[in-house]
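Thank you for making time for this. I would like to walk you through one chain, beginning with its overall layout and then moving to a few individual residues.

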Amino acid sequence: MNVKETYLYFAENEAADGAGDSHVYPASTFLGCEPISAATTRISFKAIAGTAADDDILLTHVTGKYKQVCEALANALSDDNGELVVFADEDNTIYTKMLRDLGCIDASTTVVTTLG
């Protein structure tokens, strides 16, 4: 069986037309996630640039939805279709269906990326 790599897409509200505005990560580079506050989750990947520091995505979401964000992330990461999964595209207000279905997204949702 040939399993293809899944990629996750994240975009800040910056038009995705310049360096640092959006990022695509292979699921295999996922390192973990943790709550930063009741409404912010840090999602970490191995650095795109190959540096020792991780790349971090800060996803601001509905308060108290950390567990549901993790559930949606696990679902996206386990997709074995080898496709691009738009997990959080703040530019176009497109979020993976499971984030919406679990009530994680509202008008205050933001995406901020920090490269390692």
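**Layout, core and a few residues**

If we read along the sequence, the pattern that the chain follows is β-β-β-β-β-α-β-β-α-β, and that amounts to 2 helices and 8 strands. The radius of gyration is 13 Å, close to the 13 Å that the globule rule gives for 116 residues, so the chain is as compact as a globular protein of that length. Along the principal axes, the C-alpha trace spans about 35 × 30 × 25 Å.

Please keep in mind that what you see is a predicted model. The average pLDDT of the chain is 89, and 91% of the residues score at least 70. Confidence is highest in strand β3, residues 30-37, at a mean of 97, and lowest in strand β8, residues 110-114, at 85.

Let me turn to the interior. Of the 116 residues, 38% count as buried, and if we take the contacts with a separation of 6 or more, 52% of them join residues that are 24 or more positions apart. On the outside, the chain exposes about 6,100 Å², of which carbon and sulfur atoms supply 50%.

As general background, nonpolar side chains in soluble globular proteins tend to be buried together. Here the largest nonpolar core has 21 residues, and the members that touch the most others are Leu8, Phe10, Phe87 and Leu99. At least two residues of this core come from each of β1 (7-11), β4 (40-45), β5 (55-60), α1 (66-77) and β6 (84-89), with α1 giving the most, 5 residues. If you look at leucine 8 and set aside residues up to four places away in sequence, you will find that it touches His23, Val24, Tyr25, Ala27, Leu73, Ala76, Leu77, Leu84, Val85 and Phe87.

Now to the cysteines. How many disulfides does a search of the whole structure find? The number is 0. The sulfur of cysteine 33 has its closest cysteine sulfur in cysteine 70, and because the two are 3.3 Å apart, they are too far from each other for a bond. Cysteine 70, likewise, is in no disulfide, the nearest cysteine sulfur being that of cysteine 33. As for its surroundings, cysteine 33 counts as partly exposed, because its relative accessibility is 23%.

Next, a residue in a loop: is threonine 29, which sits between β2 (22-26) and β3, buried or exposed? Threonine 29 counts as buried, because its relative accessibility is 15% and the cut-off for buried is under 20%. Apart from its neighbours within four places in sequence, threonine 29 is in contact with Ser44, Phe45 and Lys46.

Finally, let us look at two neighbouring positions. Threonine 93 is in the loop between β6 and β7 (94-95), and it is exposed, with a relative accessible area of 53%. Its phi is near 50 degrees, a positive value in a residue other than glycine; for comparison, most residues other than glycine have a negative phi. Isoleucine 94 lies in strand β7 and counts as partly exposed, at 42% relative accessibility. Not counting residues up to four places away in sequence, isoleucine 94 touches Val86, Phe87, Ala88 and Asp89. Between isoleucine 94 and alanine 11 there are 9.6 Å in space, C-alpha to C-alpha, although these two are 83 residues apart in sequence.

Methods
Residues are numbered from 1 along each chain as its sequence is written. This is a predicted model: local features need pLDDT of at least 70, side-chain atom pairs count only at pLDDT 80 or more; totals for chains, interfaces and linings use all residues. Side-chain values use heavy atoms; hydrogens and water are left out. A nonpolar core is a set of buried Ala, Val, Leu, Ile, Met, Phe, Trp, Tyr and Cys residues joined through side-chain atoms within 4.5 Å. Buried means under 20% relative accessible area, exposed over 50%, partly exposed in between (1.4 Å probe, protein chains only). Helices (H or I, at least four residues) and strands (E, at least two) are DSSP runs, numbered from the N terminus. Contact means heavy atoms within 4.5 Å. A disulfide is a pair of cysteine sulfur atoms within 2.5 Å. pLDDT is the predictor's confidence in each residue, from 0 to 100. The radius of gyration is taken over C-alpha atoms; the globule rule is 2.2 Å times the number of residues to the power 0.38. Accessible areas come from the Shrake-Rupley method with a 1.4 Å probe; for residues, only the protein chains shown count as cover.
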